[in-house]
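Hi,

Here is the structure I promised to pass on to you. Have a look at it in your viewer first, and then read my notes underneath.

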Amino acid sequence: MSWVSKTLSSTLGRKLLMALTGLFLILFLVVHLIGNLQLLLPDNGESFNLYADSMAHNPLIRVVSIGNFAFILLHVIYSIILSKHNKNSRPVDYAVSKASTSSTWSSRNMGILGTVILIFLLVHLKGFYYEIKFGEMPMVDYEGVTYKNVFAIVAAAYSNVLYVVFYVIAMGFLGFHLSHGFSSAFQTLGLNHVKYSPLIQKVGFGFAIVVPALFALIPIMMYIQSL
Amino acid sequence: MNLTLKIWRQKNNSDKGGFKDYKLGGISKDMSFLEMLDVLNEELSAKGEDPVHFDHDCREGICGMCSLYINGKPHGPQQTTTCQLHMRSFSDGETITIEPWRAKAFPVLKDLVTDRSAFDRIIQAGGYVSVNTGGVPDANEIPIPKTIADMAMDAAQCIGCGACVAACKNASAMLFTSAKVSQLALLPQGQVERKTRAEKMVAQMDAEGFGACTNTGACEAECPKGISITNIARMNREYFSAVVSSQNV
């Protein structure tokens, strides 16, 4: 085994992959959120549709999106490998355990939180990504040019209250996942410093609240507008 | 004090084991937890029963020999070693559940005694420094900044009891290993084997079957010596920089 594969199959190497892919996905969330917030602009979806079209035709974005799918896959695969390994490390469990006195709930349940987020992601990709790329899309004209009316299918989806509730709950799970994942990734990378760690903790906590809340705001607002 | 003890009994490593309840009376609040178990064992011996086996040695909180998972926490409700835990931390009539450390790498030998030699093998893999033979070197011959010496000494506080492994939901030994990597990596004396040490100790830790870290921080919260998880971050830095720059292919 080469030193690279040996390192990446050690517990520390696997953790490193979790941290790096996790941090990339955090970055992706920011970009995705900035794009999606255009759904709330009062122009009947024009700026969002133009943005969606530019994203679909930008070669850099297409490369990054392949990377994004690969990182999601890596994050999921390595979480399964690590969870299995960790479960095997304690074959007999304690009869009495007061784990809640020494660690946070989300830090102990990243796997469960992640699984819910993955289910959400699959529904989300099927509903939007797949439809936009391969489905039959309504079209719209802006200044004589025809674009896919992505806004229309998003608005249609968010007029369904069940869909909205599902989205909001999923964002709650994302928040808890991030509340541990953000600062945990830095710790795994070895970035623990008396000067910066308190800041990383605070930024991570703020990120875990603000980003999922803004994501959740979009379906809520669009549902209210659809009434 | 009158107590009900729910103690894990297991004949040997291949035995399945199970809990057994014991009623114990006449316990003083000033007794240490181990003295309370001594009282129980005297009663059991007098009755001709097999006493409860548990690890202990110095009973001063410095050797790392005592263990026990008491009422859902390693070393019991206080952040100290079991030998320094006193019965005043419990209330009269309480039921106390006592379990051994649970980890694949710490197999139960008998009752509450586990085999923690996995830690010894991690130390053997790289937890040492090269020294010259000959006369004893002068004290303070090598200048070390006070802040660095303090950090190394904080890491060296680790007594290797295994409470970190017991507390971790993944039975991970990263707090122990990182403390041992850190105490030597921080000092000039530890530079000779620095890269090889990080690589070998992490490899041995994995080979022993300990889990991976999920940064829950439970180990730090339960460590009787207050070892910080900043050591785990340091070990990660040591390990990642070692694997990319060492001569070990």
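Below are my notes, going from chain A to the contact and then to chain B.

Please keep in mind that this is a predicted model.

Chain A first. The UniProt record, an unreviewed entry, annotates residues 16-40, 60-81, 110-130, 150-178 and 199-224 of chain A as "transmembrane region". I compared two of these stretches with the model. Residues 110-130 of chain A are 100% helix and 0% strand, with the end C-alpha atoms 27 Å apart. For residues 16-40 of chain A the figures are 84% helix and 0% strand, and there the end C-alpha atoms lie 37 Å apart.

Next, the contact between the chains. Chain A brings 36 residues to it and chain B brings 38 residues. On the side of chain A that touches chain B, at least two residues come from each of α1 (3-8), α2 (11-36), α4 (59-88), α5 (105-108) and α8 (161-188). Which helix gives the most to that side? It is α2(A), with 5 residues. Sorted by class, the side of chain A that touches chain B has 17 polar, 13 nonpolar and 6 charged residues.

Now chain B, where there is a sheet to look at. Its 5 strands form an open sheet with mixed pairing, in the order β2-β1-β5-β3-β4. The edges are β2 (18-24) and β4 (73-74) of chain B, each of which pairs on one side only. At the β4 end, strand β3 (residues 69-70) of chain B is joined to β4(B) by 2 bridges, and the two run antiparallel. One residue pair to pick out in your viewer is Y69(B) with its bridge partner P74(B) in β4(B). As a reminder, strands of a sheet pair through backbone hydrogen bonds, either parallel or antiparallel.

Finally, helix α1 of chain B, residues 33-46. Its 14 residues should span 20 Å at 1.5 Å a residue, and the end C-alpha atoms are indeed 20 Å apart, so the two agree. F33(B), M36(B) and L37(B) are buried in this helix. Why do the buried residues of α1(B) line one face? Seen down the helix axis, they fall within an arc of 95°, and therefore they share one face of α1(B). In general, an α-helix has 3.6 residues a turn, so residues three or four places apart point the same way. E42(B), S45(B) and A46(B), on the other side of α1(B), are exposed. Just after the helix α1(B) comes G48(B), with a positive phi of about 80°.

Happy browsing, and do write back with any questions.

Best wishes

Technical notes: Residues are numbered from 1 along each chain as its sequence is written. Chains are lettered from A and ligands numbered from 1 in the order in which they are written. This is a predicted model: local features need pLDDT of at least 70, side-chain atom pairs count only at pLDDT 80 or more; totals for chains, interfaces and linings use all residues. Two strands pair if DSSP finds at least two bridges between them. Helices (H or I, at least four residues) and strands (E, at least two) are DSSP runs, numbered from the N terminus. UniProt positions are given in the numbering used here, feature names are shortened, and annotations may be inferred rather than shown by experiment. Two residues are in contact if their C-beta atoms, placed from the backbone, lie within 7 Å. Ala, Val, Leu, Ile, Met, Phe, Trp, Tyr, Cys and Pro count as nonpolar, Asp, Glu, Lys and Arg as charged, and the others, Gly among them, as polar. The expected span of a helix is 1.5 Å times one less than its number of residues. A residue is buried if 20 or more other C-beta atoms lie within 10 Å of its own, exposed if 12 or fewer, and partly exposed in between; C-beta atoms are placed from the backbone. The arc is that of the directions from the helix axis to the C-beta atoms.
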